[in-house]
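Hi,

Here is the structure I said I'd pass along. Have a look at it first, and then read my notes underneath.

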Amino acid sequence: MKKLLSKIAIVLVAGVALMACSSTQSLQEYYVDSAENPNFISLDVPTSILNLEKADLTEGQRKALSSLRKMNLLAFKKTAQNAAEYKVEKAKVNAILKNDEFVELMKLNSSYGKGVIKYLGDEDAIDEVIIYGSSNDKGFALVRVLGDDMNPAHLVQLIQALQQSDYNGEGLGEIGKFLKG
């Protein structure tokens, strides 16, 4: 009887320990797991693709650019055949982004769909910016902007620099077509 009780106690402790561990997938794991799925388009983009080396940048814009390392793009293109999987994948992303470690910067709402911009890190030293947008007609896109100690004010300056650049989406291939329409 004592052996049975000790085995039950061990199983209960192990069960509680497993439940205490987070079962929520990380954003990085989600990217890796989705890369092989044919419904997804994924791309790792170095910051050099933005063609900002020749642009007339201010000191703040140059500082923002130097804080960027790369961008990871992941898009799910919705079709009539994968509508059920779209709902499942969208729910997975929403569950990941509800994690308290992501700080919401702003919500987006346009005629194209809804979205959110979140970040990881401190307010004045952001390590990752996440841009997520979805449309029930077209699908969703998830962009991770990875950097070192990015400053929100500098990021705004970088967006201004991108507007001044001659970058038209070259090098993005299929995901560029998806994001355009």
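**Notes on the sheet and its helices**

Let's start with one pair of residues: Val 103 has Tyr 119 in strand 4 as its bridge partner. Keep in mind that this is a predicted model.

That pair sits where strand 3 and strand 4 meet: the two run antiparallel and are joined by seven bridges. To get from strand 3 to strand 4, the chain makes a hairpin through two residues.

Now for the whole sheet. It is open and has six strands, in the order 1-2-6-5-4-3, with antiparallel pairing. Strand 1 (40–46) and strand 3 (103–110) each have a single partner strand, so these two edge strands are left with one side that has no neighbour in the sheet. On average, neighbouring strands are turned by 10° against each other, direction ignored.

Over at the strand 1 end, the pairing is with strand 2 (residues 68–77), again antiparallel and over seven bridges. If you want a spot to zoom in on, try Ser 42, which stands opposite Leu 74 in strand 2.

Then there are the helices. Helix 4 (residues 83–97) packs on the sheet and touches strand 1, strand 2, strand 4 (113–122), strand 5 and strand 6. Its direction makes about 150° with that of strand 5. Helix 2 (residues 27–34) lies across strand 1, strand 2, strand 5 (125–135) and strand 6 (139–150). Relative to strand 6, helix 2 runs at about 130°.

Happy to chat once you've had a look.

Cheers

Definitions and conventions:
Residues are numbered from 1 along each chain as its sequence is written. This is a predicted model: local features need pLDDT of at least 70, side-chain atom pairs count only at pLDDT 80 or more; totals for chains, interfaces and linings use all residues. Side-chain values use heavy atoms; hydrogens and water are left out. Two strands pair if DSSP finds at least two bridges between them. Helices (H or I, at least four residues) and strands (E, at least two) are DSSP runs, numbered from the N terminus. Axes are lines fitted to C-alpha atoms, for helices over the stretch in contact, and angles run from 0 to 180 degrees between N-to-C directions. Contact means heavy atoms within 4.5 Å.
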